[in-house]
Amino acid sequence: MEGKQAGSSLDSLISSFNKRVSELQELVIARNMYPASSVPDLTAIGTALSSMELQVQSIKDRLREETEAIPKAKKLIEASLKQQEKLQRMSVYAPSHFPDKTTMLNSDINRCLLQENVKKHEQSSALRSLKSEEDAPVLPKEKKGRGSPPLWQITVDELDSLSSYMRGRLTLEKVNAAINDMVSYAEANAHLISAPKQKLAENLWEKALKLRDIVTSGALKGKHFFLETDMKGPMLKLDNTGKAILTVLRHLGRVSETRIGQNRVIILMKPN
């Protein structure tokens with residue numbers, strides 16, 4: 001009875017051993033099918049995929065932020081353009097030269113020193129002005145402007161003294177009407193030269209600056225003049241008739257011409 005039990009236990013042990021060997025064989029086959037070296041590769045791929053997912057998410061977040069910022073950027077651009085237009089309009093009235101820091105510092109110091117003498121200076125200036133008006137009442141008007149341009153029309157004898165070739169079809173009425181236009185041009189230019197900026201319209205300020213630059217040359221000091229581009233009628237125009245009238249008046253000593261820069265200037269002259 002004991003021999004049979006010993007044989008049965010041995011058979012069970014052999015069967016269990018064979019089963020374990022079979023499991024080990026399957027594990028060996030599986031190891032050969034999926035080598036251990038492939039595991040790090042899969043790990044690296046997983047890490048790379050995770051990194052790419054993070055980068056894609058970061059890009060999406062950045063795009064969302066940029067999209068949200070576009071309306072703000074548009075408003076900022078519109079405000080910048082409006083500010084630029086405003087500065088361009090203001091630059092027309094700004095001085096062409098700004099003093100440096102040293103000049104401004106010296107100006108502040110001098111301003112403090114001059115405050116003590118302002119009242120005395122104003123009083124002396126007022127006294128000189130009153131004295132000047134009493135002695136020579138015409139001079140203050142010359143400082144403020146050139147006054148009204150003189151109206152020196154031609155006579156019948158002067159027109160008849162011209163050759164028929166020079167006179168052409170011009171009549172006394174046409175020539176004197178043209179002189180009236182010249183006086184109007186000169187008077188308008190004198191007003192633009194002497195008028196303060198605050199009293200001039202924006203469309204006239206550019207021409208006023210142009211006329212003031214011409215006057216600074218010194219050749220036109222105290223003279224009444226107009227530009228060739230001013231000849232827009234009603235009688236004197238920049239056409240063949242207008243040129244013929246200028247030739248006649250230049251011959252009679254009523255006008256003279258000069259060129260300052262790119263501008264042709266006609267000066268009103270006193271007849272001999």
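## Close-up views of a three-stranded sheet

**View 1. Phe226 meets its partner across the sheet.** In this predicted model, Phe226 has Ile266 of strand 3 as its bridge partner. Strand 3 covers residues 263–268. Strand 1 and strand 3 pair in the antiparallel sense, over three bridges.

**View 2. Three strands make an open antiparallel sheet.** The strand order is 1-3-2. Strand 1 (225–227) and strand 2 (255–260) stand at the edges. Each has a single partner strand, so one side of each is left without a neighbour in the sheet. Neighbouring strands are turned by 30° against each other on average, direction ignored.

**View 3. Two helices pack on the sheet.** Helix 9 spans residues 202–215. Helix 9 touches strand 1, strand 2 and strand 3. The direction of helix 9 makes about 125° with that of strand 1. Helix 10 spans residues 240–251. Strand 2 and strand 3 are touched by helix 10. Its direction makes about 110° with that of strand 2.

**View 4. Asn189 sits in helix 8.** This helix runs over residues 172–194. Is Asn189 buried or exposed? Asn189 has 1% relative accessibility, so Asn189 counts as buried, the cut-off being under 20%. Neighbours within four places in sequence are left aside in the contact list that follows. Asn189 is in contact with Phe225, Phe226 and Leu227, among others. Residues 225–227 make up strand 1. Asn189 also contacts Lys207 and Leu211; helix 9 covers residues 202–215. Asp230 is another contact of Asn189.

Conventions:
Residues are numbered from 1 along each chain as its sequence is written. This is a predicted model: local features need pLDDT of at least 70, side-chain atom pairs count only at pLDDT 80 or more; totals for chains, interfaces and linings use all residues. Side-chain values use heavy atoms; hydrogens and water are left out. Two strands pair if DSSP finds at least two bridges between them. Helices (H or I, at least four residues) and strands (E, at least two) are DSSP runs, numbered from the N terminus. Axes are lines fitted to C-alpha atoms, for helices over the stretch in contact, and angles run from 0 to 180 degrees between N-to-C directions. Contact means heavy atoms within 4.5 Å. Buried means under 20% relative accessible area, exposed over 50%, partly exposed in between (1.4 Å probe, protein chains only).
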